[in-house]
Amino acid sequence: MTTVLISGASVAGPALAWWLRRHGFRPTVVERAPALRDGGYKVDIRGAALAVIDRMGLRGQVERHDTGMRSARFVDSAGAQLATMDAALFGGREGDDAEIMRGDLARILADVTREVEYLFDDSIATLTPSADRVEVSFERGPRRTFDLVIGADGLHSNVRRLAFGPESAHLRPLGHHIAIFTVPAEFGEERVELMHPTPGRTVGVYRTSGAPDARAMFIFPSPEGASGHRDVAGRKALLAEAFAGVGWQVPRLLDAMWKASDFYFDSMSQARMDRWSTGRVALVGDAAYGPSPASGQGTSLSLVGAYVLATSLAAAAGDPVAGFADYERRMRSFVEANQSLAERNLKGMVLGSAAQIRFQTLMLRLMPHLPGRERMIRRVTEPIRRAATAITLPDTPEPRGA
């Protein structure tokens, strides 16, 4: 039986473990965090990724955790409404996608992989590959040997660093940073995303259906010295500095930030690599081709990538040369199509001037009254739909030993 070590227990890792186990492999998942990571932002599952969820038999569970978001409401510094935008426009939701909190999806995937071995509170320290195996030393646990090692450990992948070199050679910054954290429910409006755009910066707050709290999101130009602030307090200080003087609820949100235990702060960057495998080591999800939050497709790429990688390895009877080559061949154009959404989307998420903000809100106010509104919405969302379906999923081989 082919043994596979998977680094990362967010979305790509457990999804890959589920499919590998179905095909007779023996996966083990190692996760640096001491327990399953909760929280996070809402994520979309679109097109081919939703087909993967269907093939896993998880559509019902995903739909039960749907965020139920109805609209986005744009407000000025005093909180007065500037414009509204329904979910069909800002999410591209036309019946072929779902929206769920990342933490809810992670729990669903963890629940269906209970029989998989999970090693929490540990991380890979070294990889020593040979012709027929990979010897792995861990930060805490004993040294072990596996047939294959897969990095599903995010944009700042440890496996990628060990197997492919420094991350600076593989990450492409998009010039902006993003911060996300939980805030009290009083800041949000249930099933509505409140957006406050200012030149060069955007703040959003939303509360999903029935949620006991809300999420705040800040997008802004990448600050100088951001990479030097590894500690949470330093990153919070950078965010507070970047949004000093901004109106609306921002001062109160920044006050709440200091108490947030789930503070996320990172550059909006893409993983760009010429190859996603070397020998018996490969990458999947954000570690290989993270498209950045601006694309809205990171989760979908992770789900599809996990399915295709497992299917390719199963078809190759565990042979990494043939399996990894087939995985890359099938995924490359799909990845490129979805990564291309990021810069296009970012231009609409963060506007450079007050004049651009006025024009955007004017068009949003006019849209409900314009003839051909549905056609206009389809034109805006068509690039998202096209990218989300830009792959023909391979058939699922019958379960068998590997």
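**Sheets, helices and a pocket in the predicted model**

In this structure, S8, S9 and S10 form an open sheet of three strands in that order, with antiparallel pairing. Strand S8 (124-129) and strand S10 (144-146) are the edges of this sheet and each has a single partner strand, so one side of each is left without a neighbour in the sheet. From one strand to the next, the twist averages 30°. The model is a predicted one, and the description below follows its elements in turn.

It is helpful to walk through the three-stranded sheet pair by pair. S8 and S9 run antiparallel and are joined by five bridges; here isoleucine 124 stands opposite phenylalanine 138 in S9. The two strands form a hairpin, with four residues between S8 and S9. On the other side of the pairing scheme, strand S9 (residues 134-138) is joined to S10 by three bridges, again in the antiparallel sense. Valine 134 has phenylalanine 146 in S10 as its bridge partner. S9 and S10 also form a hairpin, this one with five residues between the strands. S9 itself is mostly covered, as four of its five residues are buried. As background to these pairings, strands of a sheet pair through backbone hydrogen bonds, either parallel or antiparallel.

A second open sheet holds seven strands, in the order S5-S4-S13-S14-S15-S12-S16, and its pairing is mixed. Its edge strands are strand S5 (81-86) and strand S16 (264-271), each of which pairs on one side only. Neighbouring strands of this sheet are turned against each other by 20° on average, direction ignored. At the S16 edge, strand S12 (residues 171-184) pairs with S16 in the antiparallel sense over seven bridges. Within this pairing, isoleucine 178 has aspartate 266 in S16 as its bridge partner.

Two helices that pack on the seven-stranded sheet deserve a look. Helix H8 (residues 250-257) touches S12, strand S14 (201-206) and strand S15 (213-221), and the direction of H8 makes about 85° with that of S12. Helix H13 (residues 354-366) also packs on the sheet, where it touches strand S4 (71-75), S5 and strand S13 (192-198). The direction of H13 makes about 55° with that of S5.

Attention can now turn to a pocket. The second largest pocket has a volume of about 280 Å³. Its lining is made up of 18 residues, and those that lie nearest its centre are Met101, Asp104, Thr208, Ala211 and Arg215. Helix H5 (102-111) and S15 are the elements that give two or more residues to this lining. S15 thus appears in two settings here: as a strand touched by H8 and as a contributor to the pocket lining.

Finally, helix H11 (residues 320-339) bends by about 40° at methionine 331. Met331 is also among the buried residues of H11. The others on that list are Pro320, Gly323, Phe324, Asp326, Tyr327, Glu328, Phe334, Val335, Asn338 and Gln339.

Note on methods. Residues are numbered from 1 along each chain as its sequence is written. This is a predicted model: local features need pLDDT of at least 70, side-chain atom pairs count only at pLDDT 80 or more; totals for chains, interfaces and linings use all residues. Side-chain values use heavy atoms; hydrogens and water are left out. The bend at a residue is the angle between axes fitted to the seven residues ending there and the seven starting there. Buried means under 20% relative accessible area, exposed over 50%, partly exposed in between (1.4 Å probe, protein chains only). Two strands pair if DSSP finds at least two bridges between them. Axes are lines fitted to C-alpha atoms, for helices over the stretch in contact, and angles run from 0 to 180 degrees between N-to-C directions. Contact means heavy atoms within 4.5 Å. On a 1 Å grid over the protein atoms alone, a cavity is a set of points where a 1.4 Å probe fits but cannot get out, and a pocket is an open set with protein on both sides within 12 Å along at least five of seven lines; lining residues have an atom within 4 Å of a point. Grid points are joined across faces, edges and corners, and a volume is the space filled by probe spheres set on the points.
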